[in-house]
Amino acid sequence: MRDELDALKARAETLGREAFLGSVPQRTTPPAAYYLIELANGARPDDLPLSEATSAWDLALRIKSVGLTFEQALTFLADARDLLVPLGRVGQLAVAGRGVTLLFVRHEADYVDRDVSPHKHISLDTFTLSSVPADPDEES
Amino acid sequence: MASVDDREIRAFARDLRGASQRVVDQVPGVIKKGAVEVKKQMVEEMGGSRSFKGAARSISFDILDGGFTAEIGPVSEPGEVPGDLAVIAYFGGSSGGGGTVPDPVGALNADAPRMEKALADILGGVL
């Protein structure tokens, strides 16, 4: 599971903005705009079990675009959606030995975090990440 | 407002729109009753949170689309601090984590069987 999340993070970062898995590390001053990739069940990515090579699984996750203005958060989330699910709803991630699909589920919310200074604007999408063992014939 | 995955119910309600006027007239009542139930559970869950109970009053619903759609969730407009607080309760803040109140989809899923049965009963009553 961790490999797939790392691949998602790396892919998002090709947009030139930092992406964090789960949370912004403590004592880190986050950039003005960034992505947060979180598990919808609230678990921390570091706590995910290591999956066996033969297992297939689905994981609900959320991508937050965080910015200084609503326009920034919305625009950067749209950029991520265009990159990650270019077919409108479905996209693929490259992970060795796995077939990984990212499915856009819905746009969830736009809101303001007033507990930080300056206030941060958040735009949030929900996705389903599916991973299955790759077909050995297709791998070779 | 936050949204939930109610595509099957919405599709079913849409199908009913093509039915007889007698059926069409009864659907908005079912949708509204469902919205009231979902909102009630969401308010209870938010009110049960020590940190976010103040945001419970921001949860509301709008009936749209001639009564065939209900949009339920915290109202979050500029200056509506409780609404933003409620969304943070569901989805967490800008540093990650913090989403400690159950996802609204749980409230919808809890009421979905009742709504589906009510809509099916309407259809059954005219067949």
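Here is a short question-and-answer walk through a predicted model, covering its chain contact, salt bridges and nonpolar cores.

Q: What makes Asp103(B) and Arg62(A) a salt bridge?
A: Their side chains come to 2.7 Å, N to O. The cut-off is 4 Å between a Lys or Arg nitrogen and an Asp or Glu carboxyl oxygen, so the pair qualifies.

Q: Why is Arg62(A) called buried?
A: Its relative accessible area is 7%. Buried means under 20%, so Arg62(A) falls in that class.

Q: How do you know how big the contact between chain A and chain B is?
A: One way is by area: the two chains bury about 1,600 Å² between them, with 44% of it on carbon and sulfur atoms. On the chain A side, Arg106(A), Tyr111(A) and Arg114(A) lose the most area to chain B, together 33% of what that side buries. Another way is by residues: 23 come from chain A and 22 from chain B.

Q: What polar links are counted across the interface of chain A and chain B?
A: There are 10 residue pairs in polar contact, both partners at pLDDT 80 or more. The salt-bridge rule finds 2 across this interface.

Q: Which strands of chain A supply the side that touches chain B?
A: β2 (34-39), β3 (57-67), β5 (98-113) and β6 (120-133) each supply at least two residues. β5(A) gives the most, with 8 residues. By class, that side of chain A has 10 nonpolar, 3 polar and 10 charged residues.

Q: What makes Glu108(A) and Arg106(A) a salt bridge, and are they buried or exposed?
A: The closest N and O atoms are 3.0 Å apart, and the limit is 4 Å, so the pair counts. Glu108(A) has a relative accessible area of 2% and Arg106(A) has 14%. Buried means under 20%, so both values land there.

Q: Why do Glu13(A) and Lys9(A) sit about one helical turn apart?
A: Because they are 4 residues apart in helix α1 (residues 2-13) of chain A. Their side chains meet in a salt bridge at 3.2 Å, N to O.

Q: Why is Glu13(A) called partly exposed?
A: Its relative accessible area is 27%. Partly exposed lies between the 20% and 50% cut-offs, so the label fits. Lys9(A), with 24%, is partly exposed too.

Q: How many salt bridges does the structure hold over all chains?
A: The total is 12.

Q: What makes up the largest nonpolar core?
A: It has 28 residues, and those with the most contacts inside it are Tyr111(A), Met42(B), Met46(B), Tyr90(B) and Phe91(B). At least two residues each come from β2, β5 and β6 of chain A, and from α2 (21-47), β1 (59-64), α3 (81-91) and α4 (104-126) of chain B. The largest share, 6 residues, is from α3(B).

Q: Which residues does the second core include?
A: Among them are Leu5(A), Leu8(A), Leu39(A) and Leu84(A), in a separate core of 27 residues. Core members must be buried and joined through side-chain atoms within 4.5 Å, so these leucines meet both conditions.

Note on methods
Residues are numbered from 1 along each chain as its sequence is written. Chains are lettered from A and ligands numbered from 1 in the order in which they are written. This is a predicted model: local features need pLDDT of at least 70, side-chain atom pairs count only at pLDDT 80 or more; totals for chains, interfaces and linings use all residues. Side-chain values use heavy atoms; hydrogens and water are left out. Contact means heavy atoms within 4.5 Å. Buried area is the accessible area (1.4 Å probe) that two parts lose on being put together, summed over both. A polar contact is a pair of N or O atoms within 3.5 Å; within protein, one must be able to donate a hydrogen and the other to accept it, and residues adjacent in sequence count only if both atoms are side-chain atoms. Ala, Val, Leu, Ile, Met, Phe, Trp, Tyr, Cys and Pro count as nonpolar, Asp, Glu, Lys and Arg as charged, and the others, Gly among them, as polar. Buried means under 20% relative accessible area, exposed over 50%, partly exposed in between (1.4 Å probe, protein chains only).
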